[in-house]
Structures are given as C-alpha cells and as structure tokens.
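Could you walk me through this model in my viewer, one selection at a time? I would like to know what to click on next and what I will find there.

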Amino acid sequence: MKTATKWDASVHLETEEGMAAYLNAALEDGDTSVIAAALGDIARARGMTQLSKETGITRDGLYKALSPTGNPSFDTVQKVIKAFGLKLDVATPA
C-alpha cells in the first residue's frame, strides 16, 4: 500500500517571480481563504521567523492569520506583502 504525502507549495516557491505569480493567481481566484493560504505558503518559503521580525507580528500570529482558515486584517496583509518585497497593484480588467 502506498501512502501519500501532503503537498507543500512553500517547497516550490524559490524565486521572487514565482512567489509573485503564485500570489497573483490566488488574488485572481478571489477566495480570501486561498489568498491567506498563498500568503502563508510564501511566508513559510521565506522563513516565518524573519517575516515576524520584519513585520512586528508574532510567529504564532502570522501562522494563525496566514492559514487557510485565517482572516488576516488588511494591515497584516500589507505588512506581509511589503516584507516580501512585493506590492499590490490595481488594474482594470483587460
């Protein structure tokens, strides 16, 4: 009998471009739980301890807010995205 291992996106997020594309895909989906989970995946890929230092948010607070069941405030999202070296951009639909 084969056992399946849980797939972890954070293992595959190695470049800034990849992280930005991953987050953009989550934003296009529009589901807030997908967006929070994508932010959490990127946070784990970059290092939660370092992110905690850069944002001033505790590691536990980040894990909770950036989980699929989390509900991060917009302030938290802004701090996390800035710490990633990314920015939110608004555009009209093509």
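Start by selecting F84, which you will find in the segment after α5. Keep in mind as you go that this is a predicted model. Is F84 buried or exposed? Its relative accessibility is 2%, and residues under 20% count as buried, so F84 is buried. Now show its surroundings: leaving aside residues up to four places away in sequence, F84 touches E16, L39, I42, A43, R46 and L51. Two of the helices you will visit later supply some of these partners: E16 falls in the range of α1 (16-29), and L51 falls in that of α3 (48-55). For a distance to draw, pick the C-alpha atoms of F84 and G18: they are 12 Å apart in space, with their positions 66 residues apart along the chain.

Step along to G85, just after α5. Check its backbone here, because the phi of G85 is positive, at about 80°.

**Helix α5**

Next, select α5, residues 74-83. Which of its residues are buried? They are T76, V77, V80, I81 and A83. Turn the view so that you look down the axis of α5: these buried residues fall within an arc of 160°, so they line one face of the helix. On the other side, F74 and K82 are exposed. Bring the neighbouring helices into view as well, since what the buried residues of α5 pack against is α1, α2, α3 and α4.

While you are on this helix, zoom in on T76, which lies in α5. With a relative accessible area of 14%, T76 is buried. Not counting residues up to four places away in sequence, its contacts are I57 and A65.

**The loop before α5**

Move back along the chain to N71, in the loop between α4 and α5. After the buried residues of α5, this is a change of scene: N71 has a relative accessible area of 71%, and residues over 50% count as exposed, so N71 is exposed. Draw a line from its C-alpha atom to that of S33: the two are separated by 7.6 Å, although they are 38 residues apart along the chain.

**Helix α3**

Now select α3, residues 48-55, and color M48, L51, S52 and T55, which are buried. Look down the axis of α3: the buried residues fall within an arc of 105°, so they line one face of this helix. L51 will be familiar, as one of the residues that F84 touches. What covers the buried residues of α3? The cover includes α2 (32-46), α4 (59-65) and α5 (74-83). Follow the chain out of α3 and you reach G56, whose phi is positive, near 75°.

**Helix α2**

For the last single residue, select I35 in helix α2. I35 has a relative accessible area of 16%, and is buried. Setting aside residues up to four places away in sequence, I35 touches A26, L27 and G30. You can also draw a distance to L62: the C-alpha atoms of I35 and L62 are separated by 14 Å and lie 27 residues apart along the chain.

**Zooming out**

Finally, show the whole protein chain as a cartoon. How many helices and strands are there? You should see five helices and zero strands, in the order α-α-α-α-α from the N terminus on. Along the principal axes, the C-alpha atoms fill a box of roughly 50 × 35 × 25 Å. A compact globule of 94 residues would have a radius of gyration near 12 Å, and the 14 Å of the protein chain agrees with that.

Switch to a view of contacts: among those between residues at least 6 apart in sequence, 53% join residues at least 24 apart. Color by burial next, and 34% of the 94 residues count as buried. With the surface turned on, the protein chain exposes about 6,600 Å², of which carbon and sulfur atoms supply 54%. As a last stop, color the charges: the protein chain has 10 positive and 12 negative charges, and their mean positions are 7 Å apart.

Terms used. Residues are numbered from 1 along each chain as its sequence is written. This is a predicted model: local features need pLDDT of at least 70, side-chain atom pairs count only at pLDDT 80 or more; totals for chains, interfaces and linings use all residues. Side-chain values use heavy atoms; hydrogens and water are left out. Buried means under 20% relative accessible area, exposed over 50%, partly exposed in between (1.4 Å probe, protein chains only). Helices (H or I, at least four residues) and strands (E, at least two) are DSSP runs, numbered from the N terminus. The arc is that of the directions from the helix axis to the C-beta atoms. Contact means heavy atoms within 4.5 Å. The radius of gyration is taken over C-alpha atoms; the globule rule is 2.2 Å times the number of residues to the power 0.38. Accessible areas come from the Shrake-Rupley method with a 1.4 Å probe; for residues, only the protein chains shown count as cover. Lys and Arg count as positive and Asp and Glu as negative; His and the chain ends are not counted. The place of a charge is taken as NZ of Lys, CZ of Arg, CG of Asp or CD of Glu.
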